[in-house]
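Please look through the sequence and the model below before reading on. The paragraphs that follow begin with a single residue and then widen the view.

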Amino acid sequence: MNLDDWLLALHLLSAFALVGAITIFSIGFVVLRRAETPGRVLALGSALKVGQVAVTVGVVGTIVFGVWLAISLEAYQVWDLWVILALVGWAAATELGRRSGNAIGAAFGRAEQLAAEGKDGPDAELAATVRSSQAQTLHWASTAITLLVLVDMIWKPGA
Amino acid sequence: MSMLASIRPDSWNFPLLLHVLGAMVLVGAAGLGSIASLASGGAESPFLRRLAFRSFLIVALPAYIVMRVGAEWLYSKEFGEGADDPTWIGIGYITADAGALLLLITLILSGIAVRRGSTGLTRAAGVLSLVAVIAWLVSVWAMGGKP
């Protein structure tokens with residue numbers, strides 16, 4: 001394996017970390033809508049922590065190894081249409097995902113507060129926060145854009 | 001090999017998308033199922049057991065099927081019958097077949113664990129699915145680097 005092969009392998013592994021994390025968050029968002037007690041929200045939060053690590057690895061790895069690969073390979077240039085589309089999509093998906101994480105983070109904060117107060121029953125404010133349509137919308141928009149980036153990476157329009 | 005990717009026929013793109021997207025969702029769902037299984041044992045064990053089982057059954061299993069259908073479709077286009085398989089294809093088949101067996105055993109253990117409320121079976125399912133996820137990530141490395 002030469003350097004370019006390693007870069008492609010690491011770029012692909014990073015993409016798996018990113019989309020794997022998005023899958024974890026997507027399942028988490030669906031489950032979270034029905035989780036009304038602080039205990040369940042916190043249990044889900046602990047399971048989702050691996051997604052937080054994976055999304056960081058994925059976001060950084062895809063851009064670093066992807067741009068490095070585009071510079072290294074003679075067949076492609078960073079200013080190729082499909083590369084620019086991927087960079088714009090990556091930036092948009094990352095920002096929407098970050099905002100979604102911030103919005104849903106309030107639910108975990110509220111669950112921690114209730115747990116610290118020894119309350120483990122259903123809570124109206126917690127229920128409203130976990131069903132936040134803003135967080136859901138941002139997450140699914142980020143997911144859709146990531147899917148489009150994957151399509152762009154495979155079809156490579158303009159290449 | 002990267003040059004080859006740049007001149008890949010357009011007819012390979014859709015099966016490649018199915019294969020890659022299915023594999024990505026499979027890794028994520030099996031990873032979540034594994035973590036939820038291994039994290040069970042506290043007050044929210046029944047909730048985590050159900051989360052793990054549903055992740056395996058409703059997301060990971062269909063994703064595996066999509067990944068495998070995409071792989072076979074792509075293989076028939078790229079290699080056809082009688083061609084010698086490169087090493088990375090061999091790694092892909094071994095991890096896909098072994099992973100299918102592990103996923104099946106994980107599903108059975110996880111399903112029984114939900115019915116019986118067994119933490120031991122849940123954790124066994126978590127370990128097996130974690131082994132499968134690691135094997136699939138080795139396969140991703142092989143598909144990308146093509147050693």
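**From one residue to two chains**

Ala100(B) sits in helix α4 of chain B, the helix that covers residues 87-116. The model is a predicted one, and what is said here about this alanine should be read with that in mind. Is Ala100(B) buried, partly exposed or exposed? Ala100(B) counts as partly exposed because 15 other C-beta atoms lie within 10 Å, whereas a buried residue would need 20 or more and an exposed one 12 or fewer. To place Ala100(B) relative to another part of its chain, one can take Leu57(B): the two residues are separated by 43 residues in sequence, and their C-alpha atoms are 13 Å apart in space.

Widening the view to the whole of chain B, one finds five helices and zero strands, so that, with helices and strands taken as DSSP runs, the order of elements from the N terminus reads α-α-α-α-α. The C-alpha trace of chain B spans about 55 × 25 × 25 Å along its principal axes. Chain B has 147 residues, of which 43% are buried. Among the contacts in chain B with a separation of 6 or more, 80% are accounted for by residues 24 or more positions apart.

Chain A can be described in similar terms. Chain A, too, has five helices and zero strands, and from the N terminus on its elements run α-α-α-α-α. Taken along the principal axes, the C-alpha atoms of chain A fill a box of roughly 60 × 30 × 15 Å. Chain A has 159 residues, and 43% of them count as buried. Of the contacts in chain A between residues at least 6 apart in sequence, 82% join residues that are at least 24 apart.

The remaining topic is the contact between the chains. How many residues does each chain give to the contact? Chain B provides 33 residues and chain A provides 29 residues. On the side of chain B that touches chain A, the elements that give two or more residues are α1 (2-6), α2 (13-39), α3 (45-78) and α5 (119-145) of chain B. Of these, α2(B) supplies the largest share, with 14 residues. Sorted by character, the residues on this side of chain B comprise 23 nonpolar, eight polar and two charged residues.

Methods:
Residues numbered from 1 in each chain as written. Chains lettered and ligands numbered in written order. Predicted model: local features only at pLDDT ≥ 70, side-chain atom pairs only at ≥ 80, totals over all residues. Helix = DSSP H or I, 4+ residues; strand = E, 2+ residues; numbered from the N terminus. Contact = placed C-beta atoms within 7 Å. Nonpolar A, V, L, I, M, F, W, Y, C, P; charged D, E, K, R; others polar.
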